[in-house]
Amino acid sequence: MVITVCVGSSCHLKGSYDVINKLKEMIRDYGIEDKVELKADFCMGNCLRAVSVKIDGGTCLSIKPNSVERFFKEHVLGELK
């Protein structure tokens with residue numbers, strides 16, 4: 001699984017690095033480093049709904065730093081089961 005987080009201007013201002021750091025922490029805590037690759041992208045064209053995230057190049061999702069845990073459990077752990 002590849003998770004791509006936008007680090008363009010809008011997403012950066014809305015907390016993309018907080019999202020990335022939380023995702024790194026959760027990937028490590030759940031011991032799934034061998035199953036999940038975390039990447040950054042400069043712009044996903046979804047600036048009004050930042051922070052933009054894609055899983056395996058799929059639909060662009062919008063998450064906030066305070067909703068990373070819910071996103072992770074639903075979209076990452078849910079897909080890996």
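This is a dialogue between a student and a tutor about reading a predicted model.

Student: Where should I begin, and is strand β1 enclosed or open to the outside?

Tutor: Begin with the strand and its neighbours, keeping in mind that the model is predicted. In a regular strand the side chains alternate between the two faces of the sheet. Here strand β1 covers residues 2-6, and 4 of its 5 residues are buried, so the strand is largely enclosed by the rest of the structure.

Student: Which strands are joined to β1, and do they run parallel or antiparallel?

Tutor: Strand β2, residues 37-41, runs parallel to β1 and is joined to it by 5 bridges, with D41 of β2 serving as the bridge partner of C6. Strand β3, residues 52-55, runs antiparallel to β1 and is joined to it by 3 bridges, and there K54 is the bridge partner of T4.

Student: Which residues does G8 touch, leaving out those up to four places away in sequence?

Tutor: G8 is found in the loop between β1 and α1, and on that condition it touches D41 and F42. With a relative accessibility of 5%, G8 counts as buried. You can also compare sequence with space, for G8 and G45 are 37 residues apart along the chain, while their C-alpha atoms are 9.3 Å apart.

Student: How should I read helix α3, and which of its residues are buried?

Tutor: An α-helix has 3.6 residues a turn, so residues three or four places apart point the same way. In α3 the buried residues are V68, F71, F72, V76 and L77. Seen down the helix axis, the buried residues of α3 fall within an arc of 155°, so they line one face of the helix. These buried residues pack against β1, α2, β3 and β4. As for length, the 13 residues of α3 should span 18 Å at 1.5 Å a residue, and the end C-alpha atoms are 17 Å apart, which agrees.

Student: How many aromatic pairs are there, and how is such a pair described?

Tutor: A pair of aromatic rings is described by the distance of the centres and the angle of the planes. The count here comes to 1 aromatic pair. In that pair the ring centres of Y30 and F72 are 5.5 Å apart and the planes stand at 40°, so the pair is tilted. Y30 lies in the loop between α2 and β2, whereas F72 lies in helix α3, so the pair ties together parts that are 42 residues apart in sequence. Y30 counts as partly exposed at 42% relative accessibility, while F72, at 0%, counts as buried.

Student: How many salt bridges are counted, and where do they lie?

Tutor: Side chains of opposite charge can pair when their charged atoms come close. The count comes to 3 salt bridges. One of them links E25 with K22, whose closest N and O atoms are 3.5 Å apart, and both residues lie in helix α2, 3 residues apart, which is about one turn of the helix. In helix α3, E69 and K73 meet in a salt bridge at 3.5 Å, N to O, and these two residues are 4 residues apart, about one turn. R70 and E74 form another, with their closest N and O atoms 4.0 Å apart, and they too lie in helix α3, 4 residues apart.

Student: Is R70 buried or exposed?

Tutor: R70 counts as exposed at 55% relative accessibility, whereas its partner E74 counts as partly exposed at 48%.

How values were computed: Residues numbered from 1 in each chain as written. Predicted model: local features only at pLDDT ≥ 70, side-chain atom pairs only at ≥ 80, totals over all residues. Heavy atoms only, no water. Buried < 20%, exposed > 50% of the residue type's maximum accessible area, 1.4 Å probe, protein only. Pairing = 2+ DSSP bridges. Phe/Tyr/Trp six-rings, centres within 6.5 Å; stacked < 30°, edge-to-face > 60°. Expected span 1.5 Å × (residues − 1). Arc of directions from axis to C-beta. Contact = heavy atoms within 4.5 Å. Salt bridge = Lys/Arg side-chain N within 4 Å of Asp/Glu carboxyl O.
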